[in-house]
Amino acid sequence: MTATVFSIANQKGGSGKTTLAMNLAAGLSGRGRTLVVDADPQGSAVQWSGMAPERRPFPVPVIALGDNLASEIQRFRRDYDFIVVDCPPSLETERTNKAMLASDRVLVPVLPSPVDLWASMRLARAIEQIRPIRPGLEACLVVNQLEPRSALSRAMQEALAEFEIPALASPIRRRAVYRNVAIEGRSVFCLGRQGDAAKAEIAAIIEEITGP
Amino acid sequence: MSRIASRLAQSVRQAKNDPPDPRTGRKATTPAGEPADAAGSVVTRQAPTREAPSPAPMPARRVWPD
Ligand SMILES: Nc1ncnc2c1ncn2[C@@H]1O[C@H](COP(=O)(O)OP(=O)(O)OP(=O)(O)O)[C@@H](O)[C@H]1O
Ligand SMILES: [Mg+2]
């Protein structure tokens, strides 16, 4: 077994890395053995899973890794089908670079806002810079907190076309359930009908990133 | 394309073509395209400033009762 490794990265804070990492991992766990690596010293992913009651743990193990994350991920590849790495909001530490180098695919959540788009350009450039030493590394933008009725959200398409890396066709909408599940240490996949729309959008992302 | 879409796309293009220096965060040109001064700081046109009124003294307030 050798895992497919997804890094969720953007040096811009609050773009939705942890939210995407946790829900993506929960969704992927239906397809194979999945591990979340919390590479962020803030420890949000670890805290998220720690909110789950003992009788109903988060469906995926979450481990925190530090500067040795590249070699550790390499080691874990043998034991899992999917590894999802939640990166810190920084390019200044080596961790994001190490995580991306150890990955098969980088997912970059971006918010539909000018300031977030400008800042995310830096990460897109960093990805281009590591491609020569990590050939075959795939990368894509994932629009998060989309609000279909807002003019800016609708204007995203043209702006995303300016990035060197493509955007996934499936966006994530702004929904209260994404905030609520964190407090209970769950994912949208544990919800009943109120989670259906969110489940469908995470499932669509999984389809896109695991497809042929 | 809507006006907002073309402005947003243009702003991203600008961020792409004129990235800040990764070390200093400084840009080579101003948003309007004028070169930055020798020290790299961007000189922008400023609106004339008016003397700010001095802030009214804050009454001392005890937040916590003794
Ligand atoms: N699609 C969404 N709908 C509603 N709220 C969201 C959504 N995505 C993220 N959020 C909320 O936005 C905030 C930031 O999200 P999150 O913590 O996942 O971002 P992050 O990129 O991991 O932040 P950091 O850079 O600090 O690690 C959180 O309060 C989260 O609950
Ligand atoms: Mg986070």
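Ala, Val, Leu, Ile, Met, Phe, Trp, Tyr, Cys and Pro count as nonpolar here, Asp, Glu, Lys and Arg as charged, and the others, Gly among them, as polar. With that split in hand, let's walk through this structure, which is a predicted model.

Start at the ligand. By class, the shell around ligand 1 is made of nine polar, six charged and three nonpolar residues. That shell counts 18 residues, and the closest of them are A:Lys17, A:Thr18, A:Thr19, A:Asn144 and A:Arg179.

Now for the nitrogen atoms of ligand 1. One sits 2.8 Å from an N or O atom in the side chain of A:Arg179. For A:Arg175 it's the backbone that comes in, with an N or O atom 3.0 Å from a nitrogen atom of the ligand. The side chain of A:Gln145 also takes part, placing an N or O atom 3.2 Å from a ligand nitrogen. As for cover, ligand 1 has 620 Å² of accessible area on its own, and the protein covers 80% of that. Two elements of chain A give two or more residues to the shell: helix 1 (17-28) and helix 8 (176-183). Helix 1 gives the most, with three residues.

Next stop is A:Ser153, which you'll find in helix 6 of chain A, residues 151-154. Is this serine buried or exposed? A:Ser153 counts as buried because its relative accessibility is 6%, and the cut-off for buried is under 20%. Leaving out residues up to four places away in sequence, A:Ser153 touches A:Pro112, A:Leu146 and A:Glu147. There's a sequence-versus-space point here too: A:Ser113 is 40 residues from A:Ser153 along the chain, yet their C-alpha atoms are 7.7 Å apart.

On to the nonpolar interior. The largest nonpolar core has 43 residues, and those with the most contacts inside it are A:Ile73, A:Ile83, A:Val85, A:Val106, A:Val108, A:Leu117 and A:Ile127. Helix 5 of chain A, residues 114-130, supplies the largest share of this core, seven residues.

A:Leu117 is a good one to click on, as its contacts take in both chains. Setting aside neighbours within four places in sequence, A:Leu117 is in contact with A:Leu111, A:Met156, A:Ala159, A:Leu160 and A:Phe163 in chain A, plus B:Leu8 and B:Val12 in chain B. There's also a second, separate core of 32 residues, with A:Val84, A:Ile172, A:Ile202 and A:Ile206 among them.

Note on methods. Residues are numbered from 1 along each chain as its sequence is written. Chains are lettered from A and ligands numbered from 1 in the order in which they are written. This is a predicted model: local features need pLDDT of at least 70, side-chain atom pairs count only at pLDDT 80 or more; totals for chains, interfaces and linings use all residues. Side-chain values use heavy atoms; hydrogens and water are left out. A residue is near a molecule or strand if one of its heavy atoms lies within 4 Å of it. A polar contact is a pair of N or O atoms within 3.5 Å; within protein, one must be able to donate a hydrogen and the other to accept it, and residues adjacent in sequence count only if both atoms are side-chain atoms. Accessible areas come from the Shrake-Rupley method with a 1.4 Å probe; for residues, only the protein chains shown count as cover. Helices (H or I, at least four residues) and strands (E, at least two) are DSSP runs, numbered from the N terminus. Buried means under 20% relative accessible area, exposed over 50%, partly exposed in between (1.4 Å probe, protein chains only). Contact means heavy atoms within 4.5 Å. A nonpolar core is a set of buried Ala, Val, Leu, Ile, Met, Phe, Trp, Tyr and Cys residues joined through side-chain atoms within 4.5 Å.
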